[in-house]
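Here are some notes to read alongside the structure, set out as numbered points. Please keep the sequence and the 3D view open as you go through them.

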Amino acid sequence: MKNQSNQLSKLLLGSLAALVLLLSSCGKANQGSASGALSGNAASKVYVAPGQYDEFYAFMSGGFSGQIAAYGLPSGRLLKVIPVFSVDPEKGYGFNEETKPLLNTSHGFIPWDDAHHPALSQTNGETDGRWIFINGNNTPRLARIDLTTFETAEILEIPNSGGNHSSPYLTQNTEYVVAGTRFSVPIPQKDVAISSYAENFKGALSFVKVEPNTGRMNIEFQVLMPALNFDLASSGKGPSHGWTFFTSYNSEMKNSLLEVNASQNDKDFVAAVNWKKAEEYLKAGKAKDFPANYMHNVYSDETHMATSTAMKSVKVLIPSECPGLVYLLPTPKSPHGVDVDPTGEYIVCSGKLSADITAHSFPKMLKAIEDKAFDGEVGGVPILKFESVLGGTVKEPGLGPLHTEFDGKGNAYTSFFISSEIVKWKVGTWEVIDRQPTYYSIGHLMVPGGNSMKPEGKYVVALNKITKDRYLPTGPELTQSAQLYSIDGDKMELLLDFPTIGEPHYAQGISASKIKPKSKQFFKLSENKHPYVTPTEKDAKVVREGNVVRVYMTTIRSHFMPDNIEGIRVGDKVYFHVTNLEQDFDVPHGFAVMGANNAELLIMPGQTETLLWEPKSVGVIPMYCTDFCSALHQEMQGYIRVSPAGSATALRWWLGDEKPVQ
Amino acid sequence: MKNSVLKLLALLLLFAWAGCSSDTPETTATDGPKPKSMLAEEADPLTNKGIGPVTSVEMSAAVDQAMADKGKVVYEKMCMACHKPTEKFIGPAPKGILDRRSPEWVMNMILNPEQMVKEDPIAKKLLMEFNGSPMANQNLTQDEARQVLEYFRTL
């Protein structure tokens, strides 16, 4: 009985407390700030109310999906999948005639790649929200995405490369994006024994110049390095601006069972390239023209189409002929990530098999070069003495360090794959401050601006390699797992898990305010310079040139002009050049034809896109709008009559009133 | 005894909750101010200026032909996909529009169609009459809308 009354009074007290809480929260529901009992609640820190915006954009590499995914932070809401290296039938990317040239390479059209490291453009060491670059790892390429449209604007193939992994890692004013090869290969390619690796193979480090106004890329020069495997890169900033640092493995120069054979040496190398020196050598005519074969593909928002241009040579600098161009910094052991801190003083290197994190000192490196503190050379590239460049060591912080980001407050955050955690440490004192587990096996990590001179150190995102039991199971294949931690307090706090597409490697984050005001809402019809634009319904027509038929078609809510076409024949190549006449935000129209062997079109307001259709049999074929555009979207449809090859059916077209045979 | 205390608490909590929710007007079904009548026949079409950026339009007695010519170019580019000048198509024909509507209404319909079809009684009725086809906002400038209006005077 006593027990019961105790329980009762506890219940009473508890309920009263709940009552008080409820009453005191009256009228505060819309104030948005989480105060009182809600503070410390992770959910409230990632809650973005319906209709409200996220504070940051996050751009996650899509890994083997070949794309970039744009998310909002802190909510983890997916905003857009931006097609880059892989076709995307949802958007017609790589299927419509306008975007096919973007995926052209020296090997022909390639519908896929493996995209790893996005890099936001920077001005004065700060993200500026103009473009984001990303590397294609498999068939070496670099892409530039325009952040006014969130569309791929340019793809440049990288010749003399065997996998573009240490890329793009741009310089502090986006002077260059870099492209270090993962595989050394014979340059130029030739038919040689694989075992002649050390003798015949070279590793090219490409410096791709970015035109400051248009963003257009051009391979300015390549540095022909010995047969190392280049892994990641980081460009200097502030005092170290003018240098780019590349990690490498396989200093053993082996070509098989690298798991064992490339893990023998105690130290591998960070290659420090003085690109300002390289510019001097270029000016002095020291570069050699190497024949090469690569494609440069550029999309235009005026013509709404991409062009693909074959490029035939690159300028190459040979280190042994260019003293002072590049130095090797011994780094324990099989270094993966390399990250220059926001002050530009330290080059933080993570040896995958090392117990410690090694930070090289940029001022010490300059001194060592001046003092000629060399410890041999590899292929004409001087090796600096380890002790002479070492700036500091974080002792035994965890297992399997990979990458480091910074918060702008003197702290560094390093991911540890094997021990599955993020470790926070102090730059300069090298002491570990905090650690938090990740679920599971983190690869890259990202603080918005965390690789720039001005990090926005509010959150860190863990990009995990293993998902296991974090979400409802979906058969053997699982989505990838990202995790958001707040880092504005002393202790990191796990706030949110959210799934990502493909396998995100690196990511980038930026204040939404740097992108949102510049986001394009639609394309102006008056500026449409597509060669097959139909600027008004009056201009709609169907033109036959032999077996090529061009349909100049328009869309507006909710009809096509024309929506009835006759006189198409089996064996024709029919190009539907569809112009969306809408001039308002968020009114795309879709276009699909039964039996087309490609995909839909998804045409933004003011844009023209082209679908190729090759009818194979006689009949009357439906077409329709695929993107719900208005109450009468379902009625946005039409017919195309297909007659036998050689038929005399007159070519005519109409909307509404049938046009008589002419 | 225990049960009745629990019931009382439950009631209190419910009461508190209800008290909270009634603070938010959008969840209150009763006692709100009655919405203004939106019946089209109650609005005089020639005095109704519509809703939007245009509150008054100055028009000379004679048509400004230069302005009308400019308006024709804009109209043919931006409007013709749905409005034929003299016959009903996806939307109504603009011929004689100023006998039926105020010039301000016409310009507001061009410049602010989303709000007009939601809130203006005539525009609401027209939306239903024309099969729910939305009037597309073609993002004309106010000058362009004024030129189109002048062109309508020539039809």
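1. In which sense, and over how many bridges, do strand 27 of chain A and strand 28 of chain A pair? In this predicted model, strand 27 pairs with strand 28 (residues 411-416) of chain A in the antiparallel sense, and the pairing runs over four bridges. Within this part of chain A, Glu405(A) stands opposite Tyr413(A), which belongs to strand 28 of chain A.

2. These strands belong to an open sheet of four strands in chain A, whose order is 27-28-29-30 and whose pairing is antiparallel. At its edges are strand 27 (401-406) and strand 30 (432-437) of chain A, each of which pairs on one side only. From one strand to the next, the twist averages 20 degrees.

3. On a wider view, the domain assignment of chain A gives domain 1, covering 56-518, and domain 2, covering 525-654. The C-alpha centres of domain 1 of chain A and domain 2 of chain A are 43 Å apart, and 11 residues of domain 1 of chain A are in contact with 17 residues of domain 2 of chain A. On the side of domain 1 of chain A that touches domain 2 of chain A, three residues are nonpolar, four are polar and four are charged.

4. Chain B, by contrast with the sheet described above, has seven helices and zero strands, so its elements read α-α-α-α-α-α-α from the N terminus on. Of the 155 residues in chain B, 31% are buried. Among the contacts in chain B with a separation of 6 or more, 78% come from residues 24 or more positions apart.

Technical notes: Residues numbered from 1 in each chain as written. Chains lettered and ligands numbered in written order. Predicted model: local features only at pLDDT ≥ 70, side-chain atom pairs only at ≥ 80, totals over all residues. Domains from an automatic or database assignment. Contact = placed C-beta atoms within 7 Å. Nonpolar A, V, L, I, M, F, W, Y, C, P; charged D, E, K, R; others polar. Pairing = 2+ DSSP bridges. Helix = DSSP H or I, 4+ residues; strand = E, 2+ residues; numbered from the N terminus. Axes fitted to C-alpha atoms, helices over the stretch in contact; angles between N-to-C directions. Buried ≥ 20, exposed ≤ 12 C-beta atoms within 10 Å, placed from the backbone.
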